[in-house]
Amino acid sequence: MTTSPNEVREVRDLAERMLTLARSQDLSTLAVLIGRLVGKYAPQRHLLRPLLLELVGHTVESIPAPRGSHPREVFVADLSDDQGAGVEVDEVDPALRAMLRAVLAALNGAAADVVDQVDLVAGDRDPVAKSNAVVHGLLWINQLAHDSAGRALTVSPDLRGR
């Protein structure tokens, strides 16, 4: 699945627009954009996969961490909710768990694993699960931009798996 230069530009513009909407808390407009990506007959569903890859890339870029400084060094996730309580990975919706794994794979230099995890999200049949993955990707980027250590990823309790 190749992406044309026009699609790359479109995805980057879409990601930036979504980030702007998330930061300004214009949730109704953001919901419309996400809805155009996640439904079975959504008009822009072909952009979901590249958008998810873009969000993973933005998330990784937002983490101020030395990469490749030690060959045995790996990144792991310690999940918490909005109140700082620990969240078990098995409590997290599979699509969201795949997004987390995609971010970790990117941080750990496993590009093929990033694609595999994003494909799991994009292939999920549940549009709500895909929406949650997009929303969390946006939240993480925003959160990391405002976290002085740049290392906290929150899983919102109302968006966890059932």
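**View 1. Arg 23 in the predicted model is partly exposed.** With a relative accessibility of 42%, Arg 23 counts as partly exposed in this predicted model. The residue belongs to helix H1. Beyond its neighbours within four places in sequence, Arg 23 makes contact with Ile 141 and Asn 142. Arg 23 and Ile 141 lie 118 residues apart along the chain, and 10.0 Å separates their C-alpha atoms.

**View 2. Helix H3 packs against helix H4 at an oblique angle.** Helix H3 spans residues 48-61 and helix H4 residues 94-107; their axes come within 9 Å and cross at roughly 55°. H3 is therefore oblique to H4, since this angle falls in none of the ranges for roughly parallel, roughly antiparallel or roughly perpendicular. The crossing of the two helices is right-handed. On the H3 side, the contact is formed by Leu 52, Val 56, Thr 59 and Val 60, which meet Met 99, Ala 102, Val 103, Ala 106 and Leu 107 of H4. Sorted by class, the residues of this contact are 8 nonpolar and 1 polar, with no charged residues.

**View 3. Helix H3 also packs against helix H6.** The axes of H3 and H6 are 9 Å apart, and the angle between the helices is about 25°. Because angles under 35 degrees count as roughly parallel, H3 and H6 are placed in that category. Their crossing is left-handed. From H3, the residues Leu 48, Leu 51, Leu 52, Leu 55, His 58 and Thr 59 meet Lys 130, Val 134, Gly 137, Leu 138, Trp 140, Ile 141 and Leu 144 of H6. This contact of H3 with H6 comprises 9 nonpolar, 3 polar and 1 charged residues.

**View 4. The largest nonpolar core contains 42 residues.** Within this core, the residues that touch the most other members are Met 18, Leu 37, Leu 51, Val 56, Val 134 and Leu 138. Two or more core residues come from each of helix H1 (5-23), helix H2 (27-38), H3, H4, helix H5 (111-123) and helix H6 (127-146). H4 supplies the largest share, 9 residues. Two of the residues named here also appear in the helix contacts above: Val 56 takes part in the contact of H3 with H4, and Leu 51 in the contact of H3 with H6.

**View 5. Surroundings of the core residue Leu 37.** With neighbours within four places in sequence left aside, Leu 37 is in contact with Leu 14, Met 18, Ala 42, Gln 44, Arg 45, Leu 47, Leu 48 and Leu 51. Among these partners, Met 18 and Leu 51 are, like Leu 37, listed with the core residues that touch the most other members.

Conventions:
Residues are numbered from 1 along each chain as its sequence is written. This is a predicted model: local features need pLDDT of at least 70, side-chain atom pairs count only at pLDDT 80 or more; totals for chains, interfaces and linings use all residues. Side-chain values use heavy atoms; hydrogens and water are left out. Axes are lines fitted to C-alpha atoms, for helices over the stretch in contact, and angles run from 0 to 180 degrees between N-to-C directions. Helices (H or I, at least four residues) and strands (E, at least two) are DSSP runs, numbered from the N terminus. Angles under 35 degrees count as roughly parallel, over 145 as roughly antiparallel, 65 to 115 as roughly perpendicular and the rest as oblique. A crossing is left-handed if the near helix is turned anticlockwise from the far one by less than a right angle, and right-handed if clockwise. Contact means heavy atoms within 4.5 Å. Ala, Val, Leu, Ile, Met, Phe, Trp, Tyr, Cys and Pro count as nonpolar, Asp, Glu, Lys and Arg as charged, and the others, Gly among them, as polar. A nonpolar core is a set of buried Ala, Val, Leu, Ile, Met, Phe, Trp, Tyr and Cys residues joined through side-chain atoms within 4.5 Å. Buried means under 20% relative accessible area, exposed over 50%, partly exposed in between (1.4 Å probe, protein chains only).
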